[in-house]
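Work through these exercises with the sequence and the 3D view side by side. Try each task before you read its solution.

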Amino acid sequence: MNRTNFLKHGHALGTGLRYGALLGSVLLFLACVKGRDFDKAADNCVDKLTANATFEEVRGLYSGSTVQITEDLVIEGYVISSDKEGNFYGTLYFQDRPSDSSDGFLIEIDLRDSHLFYPVGSKIFIKLRGLYLGQSRNVYKLGATFESFGTVSVGRLPSAAIGKHIFVSCQDPVPIEPTLVFLDALDERYTGTLVQLQNMEVAEEEVGLPFAVAEEETLRTLVDCADREIELVNSGYSDFYSKPLPEGNGLIQGVLIRENDDYRLVVRSIDDISFTGDRCEDVVDEFTSTSVFISELADPDNNASARFVELFNASDQALSLKGWTIRRYTNANTEVGSSIDLTGYTIGGRSTFLISPNPEEFEKVYGFFPDLGARTNSPADSNGDDNLELVDPFGTVIDVFGVVGEDGSGTDHEFEDGRALRRPEVARANPVYTFSEWEIYNDTGGSGTVNEPKSAPDDFTPGLRN
């Protein structure tokens, strides 16, 4: 998959022009380098500068739009990115600690070959006064400013200003230990930090392709053995863009970024990849079962953010939910309004599976975290007059709540401001809505339902199958 290049730079320039431009930039903000050896960083370090602000305090200055920092604040961090092989350009990522980090920033700079002056593991200090703070790919970004069509954004810090804001500690660079993370537990706090993923491999259909298309940013797909995916971002100007993607399985480390809600990984070089193991076995991992069904639906009268959908597995065996989905038909609609993909999750034997549109509120109200956080307006966020289907990996409707095409208001499948609870004797899914299988509470439901609104948490039992 190709995208407009955002790492574009002048690799097409001749060697002499490239290093001439580098030398000019260096002379503007650094006193000297060690002779003509450009493989060594410049002798320009500080040992008396100290930080007086944390990453969290600086983030607190941002309120949704680009802001100029006017206070005399200094933060410190450790460099984790490198433009040595060209997969990064004009950006310097740094995190709060050399290991166990959960906080990262980037600063945009107009400097080529910045790895000569800010090697990976270098401790740096950033004087923030006069810099601008914004966000890019969900990473907090520092730099100069530019205006486009009336919108002020953070841009690259001019070379002449770099030496006024970025300072390197005289301490030797230290090893950076990537944080081990898993695709099913990625968290936004790791955005902009160096992470490591285990048991990863290139998607089968992309093995052997080049890392990138020449002169284009290119996205490649990484998968784990549960078929969870993350995109690998590669520059078509990197030194390794034409090399083939590796076949095996193993470890990969890189800087974690996000594009909207999708996480992506950027490596510094192919040395960040160690796929020396055997690939995941190609086994049948999609299963159907009538033992999994909808067991509780919640639309609390006192807190719409505490809504949830509960599934139950009545068998003794755990079941992979790869390929399973929950569909929502809003009101009387006959077309799917929203769905939840359950791929990547497993429901244990004799166990429930909780889905919430607001995991933080769910935890606050019910005292534990749900198994899956879905978005608002998803099937887990029904206001009680919608219809739901549980669908297996092969497209078969396994279980249903409500009657598709019929608005639930005033019917025997309304749970508005209340609760729909599967009766305890039900042990199998049913693709046809059967009212006798349910206990339903609401505010204005039809005959047989109980017109008694329910409040969270006391009137609900998420995680418990009666």
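**Exercise 1. Classify Ala160 as buried, partly exposed or exposed.**

Solution.
- Start with the location. Ala160 sits in helix H3, which spans residues 159–165.
- Take the accessibility next. Ala160 has a relative accessibility of 42%.
- Apply the cut-offs: buried means under 20%, and exposed means over 50%.
- The value of 42% falls in between, so Ala160 counts as partly exposed.
- Now look for Leu111. Ala160 and Leu111 are 49 residues apart along the chain, and their C-alpha atoms are separated by 9.8 Å.

Keep in mind that this is a predicted model.

**Exercise 2. Do the same for Arg264, and find a side chain joined to it by a polar contact.**

Solution.
- Arg264 belongs to strand E16, residues 262–266.
- Its relative accessibility is 6%.
- Buried means under 20%, so Arg264 counts as buried.
- The partner is Glu231. A polar contact of 2.9 Å links its side chain to that of Arg264.

**Exercise 3. Describe the chain as a whole: its elements, burial, contacts and surface.**

Solution.
- Count the elements. The chain holds four helices and 30 strands.
- Turn to burial. Of the 466 residues, 51% are buried.
- Check the contacts with a separation of 6 or more. Residues 24 or more positions apart account for 67% of them.
- Finish with the surface. The accessible surface is about 21,100 Å², and carbon and sulfur atoms hold 45% of it.

**Exercise 4. Trace the seven-strand sheet from edge to edge, then find the helix that packs on it.**

Solution.
- Write down the order: E25-E24-E19-E18-E28-E29-E30. The sheet is open, and its pairing is mixed.
- Mark the edges. They are strand E25 (372–373) and strand E30 (450–451), and each pairs on one side only.
- Zoom in on E19 and E24. These strands run antiparallel and are joined by five bridges.
- Pick out one facing pair: Val309 stands opposite Ile355 in E24.
- Add the helix. H4, residues 359–366, packs on the sheet and touches E19, E24 and E25. The directions of H4 and E24 make an angle of about 125°.

**Exercise 5. Which strands form the four-strand sheet, and in what order?**

Solution.
- The order is E22-E21-E26-E27. This sheet is open and its pairing is antiparallel.
- Its edge strands are E22 (338–341) and E27, each pairing on one side only.
- From one strand to the next, the twist averages 15°.
- Strand E21 covers residues 325–329 and pairs with E26 over five bridges.
- In this pair, Ile326 stands opposite Leu390 in E26.

**Exercise 6. Locate the largest nonpolar core and say which element gives the largest share.**

Solution.
- Size first. This core has 31 residues.
- List the residues with the most contacts inside it: Leu297, Leu311, Trp324, Leu342, Phe353, Ile355 and Phe401.
- Find the elements that give two or more residues. They are strands E18 (292–298), E19 (308–313), E24 (351–356), E26 (387–391), E27 (397–401) and E29 (438–442).
- Compare the shares. E18 gives the largest, with four residues.
- Look beyond it. A second, separate core has 30 residues, including Ala53, Tyr62, Leu157 and Ile166.
- Link back to the sheets. Ile355, in the facing pair with Val309, is also among the residues with the most contacts in the largest core.

Conventions
Residues numbered from 1 in each chain as written. Predicted model: local features only at pLDDT ≥ 70, side-chain atom pairs only at ≥ 80, totals over all residues. Heavy atoms only, no water. Core = buried A, V, L, I, M, F, W, Y, C linked by side-chain atoms within 4.5 Å. Buried < 20%, exposed > 50% of the residue type's maximum accessible area, 1.4 Å probe, protein only. Pairing = 2+ DSSP bridges. Contact = heavy atoms within 4.5 Å. Axes fitted to C-alpha atoms, helices over the stretch in contact; angles between N-to-C directions. Areas by Shrake-Rupley, 256 points an atom, 1.4 Å probe, with all protein chains shown as cover. Polar contact = N/O pair within 3.5 Å; in protein donor to acceptor, adjacent residues only side chain to side chain.
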